[in-house]
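Q: I have a protein model open and no clue how to read it. Can you walk me through it, feature by feature?

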Amino acid sequence: FEVVKKNKFMVLGIILIPFLYAILYVNAFWDPVNKLENMRIAVINMDEGTEYDGEEVNYGDTIMDRITDDDTVQWTREEPSTFANGIENTDYNMAFVIDKDFSKDVMAAADGDPIQGEITYMVDKRKNFILSQYGNMIRSTFQTEVSQAISKEYTETIYGGLQKMDDSLRE
């Protein structure tokens, strides 16, 4: 007890340092989902669109309209030049790049030759490790949104063509 009496500040430091570390650690991981609204995600639409049955189709625009309505994170439309040197040199935590042939690839299924549309996913794990882990959840959500948007538009396009064919046959 003699050592404790002489070094009160040292004992206090030994007690306080782990306590402060614990508070900072808990604060960093407390309710990270609500902190996602601060996450900046770029979406780059390079899709040139295509023509199907005499109508212009652009699934990249459809995805952009649908995803930027979601305010869970900060979705931002960006130009490809922003990522000329990679995502590491930007202010974004992650980015999705919709390929220039995306609509053409999706509509290839209507001709019986399905091709999977390409969307490139980039993440900067160095900025924030925890947010990069949540990036997988956001990536999954993005894929779901893309699938739903394409399914809806594709179905309307294909069935719209069938409806026109039905009307023609009736005439």
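Q: Let's start with the basics: how many helices and strands does the chain have?

A: Keep in mind that this is a predicted model. The chain has five helices and six strands. Read from the N terminus on, the elements go α-α-β-β-β-α-β-β-α-β-α.

Q: How do I get a feel for the chain as a whole? What share of the residues is buried?

A: Buried residues make up 29% of the 171 in the chain. As for the surface, the chain exposes about 11,600 Å², and carbon and sulfur atoms supply 53% of that. You can also look at who touches whom: of the contacts with a separation of 6 or more, 73% are between residues 24 or more positions apart.

Q: Now the inside. How many residues does the largest nonpolar core have, and which have the most contacts inside it?

A: That core has 22 residues, and Ile41, Trp75, Phe102 and Ile138 have the most contacts inside it. Two or more core residues come from each of these elements: strand E1 (40-45), helix H3 (59-67), strand E5 (94-98), helix H4 (102-107) and helix H5 (129-170). Apart from this core lies another one, of seven residues, including Ala42, Phe83, Ile87 and Ala95.

Q: Let me zoom in on one core residue. What is tryptophan 75 in contact with, leaving aside its neighbours within four places in sequence?

A: Quite a list: Trp75 is in contact with Ile41, Val43, Ile67, Thr68, Asp70, Phe96, Ile138 and Phe142.

Q: And how do people look for empty space?

A: Rolling a probe the size of a water molecule over the atoms shows where empty space is left. In this model, the largest pocket has a volume of about 330 Å³. Its lining is made of 17 residues, with Phe102, Gln116, Gly117, Ile119 and Val146 nearest the centre.

Q: Which elements give two or more residues to that lining, and which gives the most?

A: H4, strand E6 (119-123) and H5 each give two or more. H5 gives the most, with seven residues. By type, the lining splits into 11 nonpolar, four polar and two charged residues.

Q: Let's visit isoleucine 119. Where does it sit, and why does it count as partly exposed?

A: Ile119 is in strand E6. Its relative accessible area is 27%, so it counts as partly exposed; the range for that label runs between 20% and 50%. Not counting residues up to four places away in sequence, Ile119 touches Ile63, Phe96, Val97, Ile98, Phe102, Phe142 and Val146. Its C-alpha atom is 9.8 Å from that of glycine 60, and the two residues are 59 apart along the chain.

Q: One last stop: where is glycine 117 found, and what does it touch?

A: Gly117 is in the loop between H4 and E6. Setting aside residues up to four places away in sequence, Gly117 touches Phe102 and Asp105. Tyrosine 59 is 58 residues away from Gly117 along the chain, with 9.8 Å between their C-alpha atoms.

Terms used
Residues are numbered from 1 along each chain as its sequence is written. This is a predicted model: local features need pLDDT of at least 70, side-chain atom pairs count only at pLDDT 80 or more; totals for chains, interfaces and linings use all residues. Side-chain values use heavy atoms; hydrogens and water are left out. A nonpolar core is a set of buried Ala, Val, Leu, Ile, Met, Phe, Trp, Tyr and Cys residues joined through side-chain atoms within 4.5 Å. Buried means under 20% relative accessible area, exposed over 50%, partly exposed in between (1.4 Å probe, protein chains only). Helices (H or I, at least four residues) and strands (E, at least two) are DSSP runs, numbered from the N terminus. Contact means heavy atoms within 4.5 Å. On a 1 Å grid over the protein atoms alone, a cavity is a set of points where a 1.4 Å probe fits but cannot get out, and a pocket is an open set with protein on both sides within 12 Å along at least five of seven lines; lining residues have an atom within 4 Å of a point. Grid points are joined across faces, edges and corners, and a volume is the space filled by probe spheres set on the points. Ala, Val, Leu, Ile, Met, Phe, Trp, Tyr, Cys and Pro count as nonpolar, Asp, Glu, Lys and Arg as charged, and the others, Gly among them, as polar. Accessible areas come from the Shrake-Rupley method with a 1.4 Å probe; for residues, only the protein chains shown count as cover.
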